[in-house]
Amino acid sequence: MVGGVGSVVRSIFDAIIRPQRFVASQTSSYGVTRVEAIRKFGSIVGVYAVNLVAYAIPLTLAGFGVGSVARQPPAVFSRVVASAGVTPSAAWQLLTAFVQNSLFITIATVITLVTFHIGIVLVGKSRGILQSTHTVVYTTSAYLAGIFSGVWYLTTEPGVRGARDLVRNVQAEFVYLIIDALGAGVELPGGRPETIIPGNISTTGEWILALLAISLVYYLGSLYFGARVNHRAGRFSSAVAVIAVALSPIVYVAGSVIAVTI
Amino acid sequence: MSSPEPEINEEVSNSDTDEDVPAPPTGNSTSDSATETTVLTAKPTIKPTLIRLAVVLLATVAIAVYFRTNLELLGSPELTAVASLIVLLAGALLSIRYLVRILVRKKTAYIITEASVKREYQLFFRTRSKAVRFDKLRSHQLQQNRIQSVLGFGTISLNKGLGEIRLADVADPQSVYAEVQSCARGVESGAE
């Protein structure tokens, strides 16, 4: 138990102070045999699942994603849950909220993995999908989860309206930049922001924005280290892989705009 | 940022994870086994890291003060305050990183025996040891960046890309590197 706690503490320490060590994998033992590769893949997926649960459960229990209107659960689910003495409707609400809270970060993880690996393959430095999966799982579990948590906090907490408005305005302006570049006549529900910088930002809001920016730097930086360590890529090749990930929001938004206008 | 250091499985350090190993012998005493004689024991210097730490601290304070005295720099006082916070956080994290590196370097020893090169340190009641035997050595190189060249230190990399061991910030690196090369040649000629 002490060893387990020590391992968690060391992981947190490495994630903050030594990110290249945090994302480093045992590259020499990956893919030695197919059985070993499958075992390692299972281990990585297990790590991701544990981190996903650790991220999504507190959000769910705090009420994120839980609908105000009770939904009727499927009959099979009701029977199973009721036999354990749990109220089916409440359990179903929590389950659907948990799935919803997990879905956003899982989609972002998949997009990161695809774009990162494509970037590494394009520069001819790939040592295998396992190395990319290891890098992305650890990166998103720590830093992307931190970004999502920060954005959730801004979305729901009182006293940070200025910071919340700033983040929304930046996001909207980013989308409108792409809309204007494509010449599409698409409007967002909230319209084009009149100004990016809102009125006052509270001290708490300033701290959250600063932590979001630092998390973003860690997220991209750890992908860079992952390419350097796990794929043994050079500086330029690793930068290309990171740029591929950084460009993915542009590709996603552009694709969405085109899909809407077709 | 230093080069990354993935863990390796090696004959001398035979674990992927931390394990307790006996403390290293000090000085040029006879060895940890009947067949290995310690040829050289070296300790890394902390001077290059101290210089980096000083640069980071000065730059952080200078930039933060500049932001605080020019509040409209980024269009609004709030945005400038956020930028100042980002600089302070980044500076604090880098400083902690360099302080940890200094602490580890002060506890680190590089031990060259006739059969292997070992990097070992003890911290918080744990000993971490990493080694490569000369008969498993596939590459070695000596590097000096600008700060190291000026101060007379260097970094010796062994088996780069194959489970690397780095003897970082070594004083008189040419002599240490010559010992490594000599021992490697000795093992090669012994094998022939």
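User: Where in helix 9 of chain A is the bend of about 35°?
Analyst: A proline, Pro249(A), follows the bend within four residues; the bend at a residue is the angle between axes fitted to the seven residues ending there and the seven starting there. Bear in mind that this is a predicted model, where local features need pLDDT of at least 70, side-chain atom pairs count only at pLDDT 80 or more, and totals for chains, interfaces and linings use all residues. Side-chain values use heavy atoms, without hydrogens or water; residues are numbered from 1 along each chain as its sequence is written, while chains are lettered from A and ligands numbered from 1 in the order in which they are written. The bend of helix 9 of chain A sits at Leu247(A).

User: How far does helix 9 of chain A reach from its first C-alpha to its last?
Analyst: Helix 9 of chain A runs over residues 235–261, which is 27 residues. Helices here are DSSP runs of H or I with at least four residues, strands are runs of E with at least two, and both are numbered from the N terminus. The expected span is 1.5 Å times one less than the number of residues. The reach from end to end is close to that expectation, at 39 Å.

User: Which helices do the buried residues of helix 9 of chain A pack against?
Analyst: Ser237(A), Ala241(A), Ser248(A) and Val257(A) are among the buried ones, where buried means under 20% relative accessible area, exposed over 50% and partly exposed in between, with a 1.4 Å probe and protein chains only. A contact needs heavy atoms within 4.5 Å. The partners, in chain A, are helix 5 (88–122), helix 7 (161–182) and helix 8 (203–230).

User: Why do helix 8 and helix 9 of chain A count as oblique to each other?
Analyst: Axes are lines fitted to C-alpha atoms, for helices over the stretch in contact, and angles between N-to-C directions run from 0 to 180 degrees. Under 35 degrees counts as roughly parallel, over 145 as roughly antiparallel, 65 to 115 as roughly perpendicular, and the rest as oblique. Tyr219(A) and Leu223(A) are among the helix 8 residues that meet helix 9, whose side includes Ser238(A) and Val242(A). With their axes 8 Å apart, the two helices pack at an angle of about 135°.

User: And which hand does the crossing of helix 5 and helix 8 of chain A have?
Analyst: These two pack at about 45° with axes 12 Å apart, so helix 5 is oblique to helix 8. Thr112(A), Phe116(A) and Ile120(A) of helix 5 touch Tyr219(A), Leu223(A), Gly226(A) and Ala227(A) of helix 8. A crossing is left-handed if the near helix is turned anticlockwise from the far one by less than a right angle, and right-handed if clockwise. This crossing is right-handed.

User: What is the phi of Arg232(A) near?
Analyst: Arg232(A) is in the loop between helix 8 and helix 9 of chain A, and is partly exposed because its relative accessible area is 28%. Most residues other than glycine have a negative phi. Here phi is positive, near 50°.

User: Is Asp169(B) buried or exposed?
Analyst: Asp169(B) also has a positive phi, near 50°, but belongs to strand 8 (residues 165–171) of chain B. Its relative accessibility is 5%, so Asp169(B) counts as buried.

User: What share of the residues of chain B count as buried?
Analyst: Chain B has four helices and eight strands, in the order β-β-α-α-β-β-β-β-α-β-β-α. Of its 192 residues, the buried share is 43%.
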